[in-house]
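The exercises below each set a task and then work through it step by step. Keep the sequence and the model open while reading.

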Amino acid sequence: MTTGSGTAPAQPAATTTRAAASPATPATPAASTPTSDTPEAPATPAAAARRATRPAYRRLSVEERRAQLIAAALGLFAHRAPEDVSLDDVATAAGASRPLVYRYFPGGKQQLYEAALRSAADELELCFAEPRSGPLTVRLGRGLDRYLAFVDERDAGFSALLQGGSVADTSRTNAIVDEVRRAAADQILLHLEVAEPSPRLRMMVRTWITAVEAASLMWLDEGKQPPMAQLRDWLVDHFVALMAATSASDPQTARVLRAALALETAEGQAGALARRVMPVLGDASHLL
């Protein structure tokens, strides 16, 4: 039905009432409403990078965990005396807990220190392991490069290890250190191709090992001066000089020295040493 004016009638009141009774829902921008055609916003580059580089969790084996704790302890003992390192320090460095450290080392810090020392000793014992060919001075130089690199990396820990006096110092730790010295001496004797060294030759080699240790400690005290390469060459010269002095009273050492010098060259370190020393000895000709 139309009115006389021709205007459409108003909407029924019931319709208006129902609309008003419905709870108001705030409008949500269409752009933020996920649909099947609109993927979720990508993660930030930083978050994506963290997920990409995060290693998958893997439970460590007993040996792996033990090695991890020893490595953490070695890193600390390398720069601090044993008495200045606590089990809490080791646990923190390894990303573990103190009870876990005790689980693997029930003897506490002393047992952990000895295990770390044993690990370092195993590395040191290999320093002079070289193929037995070529000039002796070259082989000794390569061994000293490894030894001095070990000293350089461990610094204060190396000093504490060799100087002793630590609260962690025991007969067992001393035996480990002495074992390193004996192993180094045995390696040197292998390079000299001597199966049964005379007492003087063995003493000479052990004396040189002791001199290397003492020089290394003094080198650390002197701010690692002279440069490592110069210290290495001086220690090689020292070995040759000790052999020469010992050969004067020990026939076996004299034979070994002759055989070793036969492999040296004029351009090598032994040749350079002879050229530097001969003028000095020449001035002592009145002693002959």
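**Exercise 1. One loop residue**

Is S133 buried, partly exposed or exposed, and what is its relative accessible area?

Solution. This is a predicted model, in which local features need pLDDT of at least 70, side-chain atom pairs count only at pLDDT 80 or more, and totals for chains, interfaces and linings use all residues. Residues are numbered from 1 along each chain as its sequence is written, and side-chain values use heavy atoms, with hydrogens and water left out.

Step 1. Set the classes: buried is under 20% relative accessible area, exposed is over 50%, and partly exposed is in between (1.4 Å probe, protein chains only).

Step 2. S133 has a relative accessible area of 48%, so S133 is partly exposed.

Step 3. Place the residue: S133 is found in the loop between α6 and α7. Helices (H or I, at least four residues) and strands (E, at least two) are DSSP runs, numbered from the N terminus.

Step 4. Look for a residue distant in sequence: H191 is 58 residues apart from S133 along the chain, and their C-alpha atoms are separated by 8.4 Å.

**Exercise 2. The chain as a whole**

State how many helices and strands the chain has, and what share of its residues is buried.

Solution. Step 1. There are 13 helices and zero strands.

Step 2. Of the 288 residues, 35% count as buried.

Step 3. Contact means heavy atoms within 4.5 Å. Among contacts with a separation of 6 or more, 67% come from residues 24 or more positions apart.

**Exercise 3. Aromatic pairs around F128**

Find the aromatic pairs that F128 forms with Y147 and with W208, and classify each.

Solution. Step 1. Rings of Phe, Tyr and Trp (its six-membered ring) pair if their centres lie within 6.5 Å; planes under 30 degrees apart count as stacked, over 60 as edge-to-face and the rest as tilted.

Step 2. A search of the whole structure gives four aromatic pairs. In one of them, F128 and Y147 lie 6.3 Å centre to centre with 35° between the planes, a tilted pair. The two residues are 19 apart in sequence, with F128 in the loop between α6 (109–125) and α7 (136–154) and Y147 in helix α7.

Step 3. F128 is buried because its relative accessible area is 4%; Y147, at 8%, is buried too.

Step 4. F128 and W208 form an edge-to-face pair, 6.1 Å centre to centre and 65° between the planes. W208 belongs to helix α10 (residues 199–221), and the two partners are 80 residues apart.

Step 5. Join the pairs: F128, Y147, W208 and F239 are linked by ring pairs into a cluster.

**Exercise 4. Two long stretches of helix**

Compare the expected span of α10 and of α9 with the model.

Solution. Step 1. The expected span of a helix is 1.5 Å times one less than its number of residues.

Step 2. The 23 residues of α10 should span 33 Å, and this agrees with end C-alpha atoms 33 Å apart. Buried residues of α10 include L201, W208, E213 and W219.

Step 3. The 21 residues of α9 should span 30 Å, which agrees with the 30 Å between its end C-alpha atoms. Among the buried residues of α9 are T173, I176, V180 and H191.

**Exercise 5. Backbone after the helices**

Which residues following α9 and α10 have a positive phi, and where is the cis peptide bond?

Solution. Step 1. Most residues other than glycine have a negative phi, and most peptide bonds are trans.

Step 2. α9 is followed by E193, with a phi near 60°. E193 is not a glycine, and its relative accessible area of 64% makes it exposed.

Step 3. After α10 comes G223, with a phi near 70°. K224, not a glycine, also has a positive phi, about 60°; K224 lies in the loop between α10 and α11.

Step 4. The cis peptide bond joins Q225 and P226, with omega about 0°. P226 lies in the loop between α10 and α11.
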